[in-house]
Amino acid sequence: MKSDKITEYQYLLLKMLSASLFNQKNDSDLNNESIAKVYSEAYIQTVELIAFSNISLDSFEPVVSLPLKHKINSRFIRNISINNAHIRLHNLLQRENIPYVILKGIAAADYYPDPMLRAMGDVDFLVKPEDIERVDKLFLSIGYKSAKKENDHHITYDGTDARYELHFCPPGIPDGVAGERIEDIFSDIIEKRVEIKTEIGNVFVPSRLHHGLILLLHTVHHLTGDGLGLRHLCDWAVFQNSFNKDDFCSIFKNLLKSVGLWQFTLVLSDVCVRYLGCPVILPVTEEISELSDKFIEDIFSSGNFGQKNEDRSHESLLISSPSKSNSENYTTMVLQAFRAVNEIVYRNWPFVRKFKVFLPVGWLFFGVRYVSRSLMGKRPSIHLKSVLNEAHSRIEFYNRLIIFDIDEE
């Protein structure tokens, strides 16, 4: 039994993804109306290249097929450009003898049957702390513009070819004991990197252990934040599929239990099995199946980076670290809202971190600015009752995933 909250067109999309990723039978019955709706969902989820890789658009009316061909070709061209940017980064850092590792992007694409089908975004990479200043000067010297903000975990460099993100550590590491253990696991990520060969050049990517942990942290971050898309689910599905049951458990089970991610992984795995046709490698219980239904519903309600739900970002302001420490009442949500507003002030006015007396001024300024922009139609309005209810519902769901909740003894 699968979720009854998923539409016919969303199920068609899942079938198309399954056929492309795992060589499943593609019995999708598409017509001119349904293919346009399926494509719209695929676009929002950033999986259109994967979904339509084995669909012949020539059998549909030109008024439908021609715009879709143009959009798909545009995405493919962008993929080629970003892939080339990864190779340019490799060549640049190799020339300067700076060790690095790609965090996502081409590293995730390497697990796909056809790596060029995986939608690409920024070029995220990590270097050793002692090399950060060297890389910063190098990028600035060749014409890239950077956006530095205090307390960020990365520096962004914009150029004509791509956006590069120089990370100080893998993103998504939580506070507390779980975070300390994860940092320890990542301490040798560059030393254990792997060089892979692509059709256009070589790059360094994380080991399978480090890559799996990066994917899980990234998935947690977007699920509990601005919104998880099917692209993230596909990334995990093809990674998981590269293991058999014994190998996966021997590498990951104890490690993920130690950092509070094993329950989350069981649910994520079940979503991939039940909705994408990924082979079974992990045990399933009735509770896991129930949570996996809620998981896929969350994906389809939000879209990649919350594109389908304008209230998603407002809800996330009320949601703190998704663990059992989240109370089921609104007190925690109110406190988290204050923390989130503080972060908005700090991000825009870094000096307030040292002079906190200006915090109330920031609350007033940015609050009034948001309201005024909403009234002018420049920002979406906040549907407060809906935001509070959905945030509360999401907290209850995330609590059941037991994320980062560990025995600290």
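Which elements of the protein have the lowest and the highest mean pLDDT? This is a predicted model, and confidence varies along it. Helix α13, residues 312–316, has the lowest mean, at 57. Strand β1, residues 100–102, has the highest, at 97. Over the protein as a whole, pLDDT averages 83. A score of at least 70 is reached by 79% of the residues. One stretch calls for care. Across residues 321–331, pLDDT stays under 50. For that stretch the model has 25 contacts beyond four places in sequence.

Begin the tour with serine 18. This residue is found in helix α1, which covers residues 8–22. Serine 18 is buried, because its relative accessible area is 9% and the cut-off for buried is under 20%. A polar atom of the serine 18 side chain lies 2.9 Å from the backbone oxygen of leucine 276. Leu276 is also among the residues that serine 18 touches, once those up to four places away in sequence are set aside. The others are Asn23, Gln24 and Gly277.

Next comes a loop. Threonine 46 sits between α2 (32–44) and α3 (48–51). Its backbone stands out. Most residues other than glycine have a negative phi. Threonine 46 is not a glycine, yet its phi is positive, about 60°. Threonine 46 has 7% relative accessibility, so it counts as buried.

Helix α4 follows, with 34 residues, 62–95. Does its length agree or disagree with its residue count? At 1.5 Å a residue, α4 should span 50 Å. The C-alpha atoms at its ends are 49 Å apart, so the two values agree. After α4 comes asparagine 97, where phi is again positive, near 60°.

Now move to the strands. Strand β4 covers residues 154–158, and threonine 156 has its place there. What runs beside β4? One partner is strand β3, residues 145–147, which is antiparallel to β4 and joined to it by three bridges. Another is strand β5, residues 163–167, which pairs with β4 in the antiparallel sense over five bridges. β4 and β5 form a hairpin, with four residues between them.

Threonine 156 ties this picture together. Alanine 147 stands opposite threonine 156. In β5, the bridge partner of threonine 156 is glutamate 165. Both partners also appear among its contacts beyond four places in sequence, which are Lys145, Ser146, Ala147, Arg163, Tyr164 and Glu165. Threonine 156 counts as buried because its relative accessibility is 9%. Its side chain makes a polar contact of 3.5 Å with the side chain of histidine 154. In a regular strand, side chains alternate between the two faces of the sheet.

The aromatic rings come next. A pair of such rings is described by the distance of the centres and the angle of the planes. The count for this model comes to 18 aromatic pairs. One of them joins tryptophan 236 and phenylalanine 239. Their centres are 5.3 Å apart, and the angle between their planes is 50°, a tilted arrangement. Both residues lie in helix α9, residues 230–240. They are three residues apart, about one turn of the helix. An α-helix has 3.6 residues a turn, so residues three or four places apart point the same way. Tryptophan 236 and phenylalanine 239 are both buried.

How do phenylalanine 243 and phenylalanine 248 pair? Their rings meet edge-to-face, with 5.5 Å centre to centre and 85° between the planes. Planes over 60 degrees apart count as edge-to-face, which is why the pair gets that name. Phenylalanine 243 is buried, with a relative accessible area of 7%. Phenylalanine 248 is buried too, at 0% relative accessibility. These two pairs belong to one aromatic cluster, formed by Tyr111, Trp236, Phe239, Phe243, Phe248 and Phe252.

The last stop is phenylalanine 404, found in the segment after α16 (384–401). Phenylalanine 404 has a positive phi, near 65°, in a residue other than glycine. Is phenylalanine 404 buried or exposed? Its relative accessible area is 12%, so phenylalanine 404 is buried.

Conventions: Residues are numbered from 1 along each chain as its sequence is written. This is a predicted model: local features need pLDDT of at least 70, side-chain atom pairs count only at pLDDT 80 or more; totals for chains, interfaces and linings use all residues. Side-chain values use heavy atoms; hydrogens and water are left out. Helices (H or I, at least four residues) and strands (E, at least two) are DSSP runs, numbered from the N terminus. Buried means under 20% relative accessible area, exposed over 50%, partly exposed in between (1.4 Å probe, protein chains only). A polar contact is a pair of N or O atoms within 3.5 Å; within protein, one must be able to donate a hydrogen and the other to accept it, and residues adjacent in sequence count only if both atoms are side-chain atoms. Contact means heavy atoms within 4.5 Å. The expected span of a helix is 1.5 Å times one less than its number of residues. Two strands pair if DSSP finds at least two bridges between them. pLDDT is the predictor's confidence in each residue, from 0 to 100. Rings of Phe, Tyr and Trp (its six-membered ring) pair if their centres lie within 6.5 Å; planes under 30 degrees apart count as stacked, over 60 as edge-to-face and the rest as tilted.
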